[in-house]
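Here is a walk through one structure, taken a piece at a time. Keep the model open as you read.

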Amino acid sequence: MQQDSSYINFVTPTAPIATPTHGGRAKCLQRLVRLDLPVPKTVALSFDAVHAIAAGDAIDIDHVLSHFDLADLLCVRPSSEDPDWGGPRAVLNIGMNDARYVELSDKLGQDAAAELYFRFIQSYSIHVARLDPDMFDHISAGGQIALSEALRAYEDETEEQFPQLVSVQLSEVLRSMARAWEGTTARLLRQAKGAPADAGLGLVVQHMAFGLGQGECGSGVLQLVSSETGLPKITGRYLRQSQGRDALENANSSMFLSHDDRGPSLQESVPEIYQRLIEHATLMRKKLREEMQIEFTIQDGTLHILDGVRITRRAQAAVRIAVNLVNDEIITKEEAIMRIEPRAIGELLHRQISKHAKRDIIGRGVAASPGAASGVIVFTPEAAQACAARSEPCVLVRRETSPEDIRGMQAAAAVLTERGGMTSHAAVIGRGMGIPCVVGASEIRLDLDKKRLFATDGRVFGKGDIITIDGTNGQILSGEPEMVEAALDDAFQTLMQWASDLGDIDVRANADTPRDAQTARNFNAHGIGLCRTEHMFFDADRLTVMREMIFADDSEDRKAVLERLLPMQRDDFTELFRIMHGLPVCIRLFDPPLHEFLPSDRSGMRDLAEALDLPLSDVTRRVEALGEYNPMLGMRGVRLGITVPEIYDMQARAIFEATIQASKDGDPVVPEIMIPLVSAKREVELVKTRIDAVAAAVRTKTGASFDYRLGVMVETPRAALRAQDIAQHAAFLSFGTNDLTQMTYGLSRDDAGRFMSNYVHQGVFAEDPFHVLDTEGVGELLRLGVERARLTNPNVVMSICGEHGGSPESIKFCRESGFDYVSCSPFRVPVARLAAAQLAIQDKIL
């Protein structure tokens, strides 16, 4: 069945061509025609036309050819809706045959004509006839000899003459490209880039400007800015006697565009053509409202613009380009914000492996914390600290991390764990610290006794060997590849300020240390949404005191030991308050089970017995007594605060004394105190009573007046379901979505990495629920919690403070569900702020 010719459009300023029906390349070419640029004659085939061709329908090839002269050579290029989705390779010089070779030999010269014909035979053989590319490897000479050998090779492989009719050649090229697009491999590849399964492909048929022959002939590409930085820089190459993108593929033999001391340039050779190119590129930037790369050909001194594509760019360049387009009044601030992918912002905040670097991949895992770093392998926190003391970068390799590994993680350049998922300890702390981290690398095998790492290909790495962690892509590499440094330049700061002005949901940071708080402040977070106080107890001088408290016989002894921790905690909180300059700081009271502060091996217990001057048997019994079958669901959080209340009393006192001290130096501080792991209203009542008593005692002792807000961290399904009871005694409820997801699914976040990719691949879960918030299951608990809490306390502040808080999808859910703010790792704050601004802009558009 022959297609309707309405699917075939000659590209004119008024032709019915659109990106959703014909693809981005066809639409761009129409725009260039409207600008009266020297674009060769072009015909666009719609998505429907190409789909029909793939299905076996015949195309009205005579109608296509009627738009061209009989002597024209043609090329066919793909035109997908999004250039990132790719497409079949372009085929050039369609129409070359024995007769045209003779004609062009007289016009262009025999060598140029032979080169045109040879290129077409080679391209047709590989991409249309699907012959082995190796069939041309034996052809080394050029000109007539190479052409004859190519024709002979084609005839030997196909047992037929090379097609001579342009109608047959073009029909076969169109059919081959259409079928290639709809093949399984191509479909899977573009789906991996975000394309829908039924994404369409258009094709453009264009008159060939040869780039070969007599006079000034060649091809090249040009753009006005750097793809790396976005700064103004005329970039590209030009190669004489060439076609397509030969200039980029033969950089050593091509010419520079503008004057360059390193070699000849187009500007010096043909200044008038160079000047016209700059003028065309400038006009395209203004009218197409984008930085474009021009693909051009010069044929006997005449310039032809073959295509214009949005330049490829790193995140740094994307931000700079968007900001400069606003400054030049070409686009609006809102458009600039919408053009930046939020997750790409993470590339700016951390060192990355250069896209030009060779990657020797030895394993893969979950990309838990973005950025890249190289260093020698170490297997213990102590070894990492020793490396830091020598200023030697290292990678801390562990089966999984625990709170006692904190100092080693702080000393390491990167962290790698065999187990874990997106919300495992290593992942959460890595993101908070801003260090690259890969977790759940179950492909590798560790022998911690012999301090060895076994790669997937059998290679063995030991202590002192250099590896690289790519936390952006979840890869472990051998050696030390070239890096690209982080780039927080003025354009980034400008874009972030615009995002803050337009966003309508606050973004706080999870910050446990003064360094984290300063990072949050630098990124203009709206406060601290979660300060996990337990991490403050793992310094060597504090850990011993903490262990003394655990071994205390009664309440009075515990109080006496905790008096020694009080000034340390007070100083921690005072510094946090000062850094945040009056912005809200939400401090979570002590959460982990006490056994995490005790050694688990015999040598550690012996050292502890010596430090506390106790018999080893007493230490062993105490460690065993604190052991739990499932410690994450055992005596931790509010349960520990109620049964060992002296800890919360000390922390509350430290917070209030720090409040008074910090308020003397600046704006009044109103601390937010959060009770973790609550399940019942009575738990809140008991803790609130004690904290109120501590506050009264501090006011009486100091004579100072201060306010504070008490809230609850909602991490259990029951707390979400009974939010109306809990909210009566709370100024705020903050949902800890990491633990809430664990408890809703009955799934350990530390072990989920072993099977999660399999589950996602088989469609059990659409996404890893520890990575992307489950808005159906966990989300229903969140919505119920918000609704029920506000029934009894309409003014209660609602937020989420799990790692989901930095996800654009989660922020969308929170805005729709009535949350007041989200909180995430400091280095995810810019991502969240940009996502929040984009959502606000989208709402205004709708």
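Is C814 buried or exposed? This is a predicted model, and in it C814 is buried, with a relative accessible area of 0%. Its sulfur has no bonding partner: the closest cysteine sulfur, in C801, is 11 Å away, too far for a bond.

C387 is another buried cysteine, with a relative accessible area of 2%. Its closest cysteine sulfur belongs to C394, at 4.3 Å. That is still too far for a bond, because a disulfide needs the two sulfur atoms within 2.5 Å. A search of the whole structure finds 0 disulfides.

Now turn to helix 12, residues 271–288. At 1.5 Å a residue, its 18 residues should span 26 Å. The end C-alpha atoms are 25 Å apart, which agrees. Which of its residues are buried? They are I273, Y274, L277, I278, H280, A281, M284, R285 and L288. These residues cover an arc of only 165° around the axis, so they lie on the same side of helix 12. Just after the helix, R289 takes a positive phi of about 60°.

Strand 6, residues 218–225, holds L222. L222 is buried, with a relative accessible area of 0%. What does L222 touch, leaving aside its neighbours within four places in sequence? Its contacts include L277, I278 and A281, residues also listed among the buried ones of helix 12. I234, T235, M292, Q293, I294 and F296 are in contact with L222 as well. So is L257. L222 and L257 are 35 residues apart in sequence, yet 7.6 Å apart in space, C-alpha to C-alpha.

How values were computed: Residues numbered from 1 in each chain as written. Predicted model: local features only at pLDDT ≥ 70, side-chain atom pairs only at ≥ 80, totals over all residues. Heavy atoms only, no water. Helix = DSSP H or I, 4+ residues; strand = E, 2+ residues; numbered from the N terminus. Expected span 1.5 Å × (residues − 1). Buried < 20%, exposed > 50% of the residue type's maximum accessible area, 1.4 Å probe, protein only. Arc of directions from axis to C-beta. Contact = heavy atoms within 4.5 Å.
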